[in-house]
Every structure is written in C-alpha cells, then in structure tokens.
Amino acid sequence: MNLELVHIGFNNIVIMNRVIAIGSPNSAPTKRTIQEARNKGLLVDMTNGRKTKAVIITDSGHTILAALTPETIAGRLQAGQTDGFSERGGSVLKIGRDDEEND
C-alpha cells in the first residue's frame with residue numbers, strides 16, 4: 001500500500017489516501033462541520049494563524065483546516081501523481097512497498 005503525503009503549507013503534511021473531501025470554508029454546511037469537529041475534539045488547525053482557505057475531511061472523522069486553497073492542494077496532488085516527488089518544493093511524497101513484497 002502506497003501512502004501519498006501532500007504538503008499543505010507551513011511544514012504540515014496530510015496523507016491523501018485518508019482524505020474524503022477538500023472544500024472551501026465559506027459555506028454554512030462547512031462552517032457547521034468545523035464547529036461539530038471542534039466540539040468533538042476532531043478539529044486539526046494547520047493554518048499557523050493564517051486565514052483558513054481549505055477544509056479537509058478525512059475518513060477517520062477528523063477535520064483539518066489549511067491555509068492553502070483547495071485548488072493548490074489538488075494541484076500538488078496531481079503534480080505528485082505524474083512526477084512522484086516534485087522538484088519545485090517537494091509537495092508530494094509517495095512511500096510504501098511494492099505489491100510483490102506484501103504478504
């Protein structure tokens with residue numbers, strides 16, 4: 001199983017294999033999701049005090065706040081899928097073993 005790690009700003013990294021959705025924080029449903037995650041203790045703020053531009057929802061129920069736009073995060077993921085580890089700043093890193101090695 002390969003893990004795709006994506007840099008989401010300020011030396012913060014997310015495992016994209018666990019991400020369900022990436023959205024904008026401006027809609028009312030997203031704001032409710034953020035508040036519910038905060039109340040449950042499942043909110044992870046990775047903005048370093050900057051304005052929240054993306055909300056990342058994971059399969060574990062965690063909600064992650066990021067200072068990069070959803071388009072930037074998606075672009076880094078797509079760039080990483082084509083080149084592997086990007087030379088422009090290392091935005092995506094794939095780690096794991098080949099399928100042949102898995103038992």
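## Strands side by side

In β6, the residue that bridges to D45 is L65. This is a predicted model, and that pair is a handy way into its sheet. D45's strand, β4, runs parallel to β6, and four bridges hold the pairing. On the antiparallel side of things, β5 and β6 also pair over four bridges, with I57 standing opposite T63 in β6. Go one strand further and β3 pairs with β5 (residues 54-58), again in the antiparallel sense and over four bridges. There, A21 sits opposite I57 in β5.

Put those pairings together and you get an open sheet of four strands, in the order β3-β5-β6-β4, with mixed pairing. The edges are β3 and β4 (43-46), each of which pairs on one side only. From one strand to the next, the twist averages 20°. As general background, strands of a sheet pair through backbone hydrogen bonds, either parallel or antiparallel.

## The chain as a whole

Stepping back, the protein chain has two helices and seven strands. Read from the N terminus, its elements go β-β-β-α-β-β-β-α-β. Of its 103 residues, 32% count as buried. Take the contacts with a separation of 6 or more: 52% of them are between residues 24 or more positions apart.

## A hairpin and a two-faced strand

How many residues lie between β5 and β6 in their hairpin? There are four, and G61 in that turn has a positive phi of about 95°.

Now look along β6 itself. T63 and L65 point one way from the strand, while I64 and A66 point the other way, and all are buried. That fits the usual pattern: in a regular strand the side chains alternate between the two faces of the sheet.

## Helix on the sheet, and the core

Helix α1 packs on the sheet, where α1 touches β4, β5 and β6 (63-66). The direction of α1 makes about 115° with that of β6.

The largest nonpolar core has 13 residues, and the members that touch the most others are I8, V14, M16, I56, I64, A66 and I73. Elements giving two or more residues to this core are β5, β6 and α2 (70-83). In soluble globular proteins, nonpolar side chains tend to be buried together. M16 is a good residue to click on: beyond its neighbours within four places in sequence, M16 is in contact with E4, V6, I22, I73 and L77.

## Around S24

S24 lies in the loop that runs from β3 (19-23) to α1 (28-40). Is S24 buried, exposed or partly exposed? With a relative accessible area of 34%, S24 counts as partly exposed, because that label covers values from the 20% limit for buried up to the 50% limit for exposed. The side chains of S24 and N26 are joined by a polar contact of 3.2 Å.

Setting aside neighbours within four places in sequence, S24 is in contact with T30, K53 and P70. S24 and V55 are 31 residues apart in sequence, yet their C-alpha atoms are 6.0 Å apart in space.

T30, one of those contacts of S24, lies in helix α1. T30 has a relative accessible area of 17%, so it is buried. Not counting residues up to four places away in sequence, T30 touches S24, P25 and V55.

## One salt bridge

Which residue forms a salt bridge with R18? The partner is D59, and the closest N and O atoms are 2.7 Å apart. The structure holds one salt bridge. Side chains of opposite charge can pair when their charged atoms come close.

This pair links distant parts of the chain, 41 residues apart: R18 is in the loop between β2 (13-15) and β3, and D59 is in the loop between β5 and β6. R18 is partly exposed, with a relative accessible area of 41%. D59 is partly exposed too, at 43%.

Notes. Residues numbered from 1 in each chain as written. Predicted model: local features only at pLDDT ≥ 70, side-chain atom pairs only at ≥ 80, totals over all residues. Heavy atoms only, no water. Buried < 20%, exposed > 50% of the residue type's maximum accessible area, 1.4 Å probe, protein only. Contact = heavy atoms within 4.5 Å. Polar contact = N/O pair within 3.5 Å; in protein donor to acceptor, adjacent residues only side chain to side chain. Pairing = 2+ DSSP bridges. Axes fitted to C-alpha atoms, helices over the stretch in contact; angles between N-to-C directions. Core = buried A, V, L, I, M, F, W, Y, C linked by side-chain atoms within 4.5 Å. Salt bridge = Lys/Arg side-chain N within 4 Å of Asp/Glu carboxyl O.
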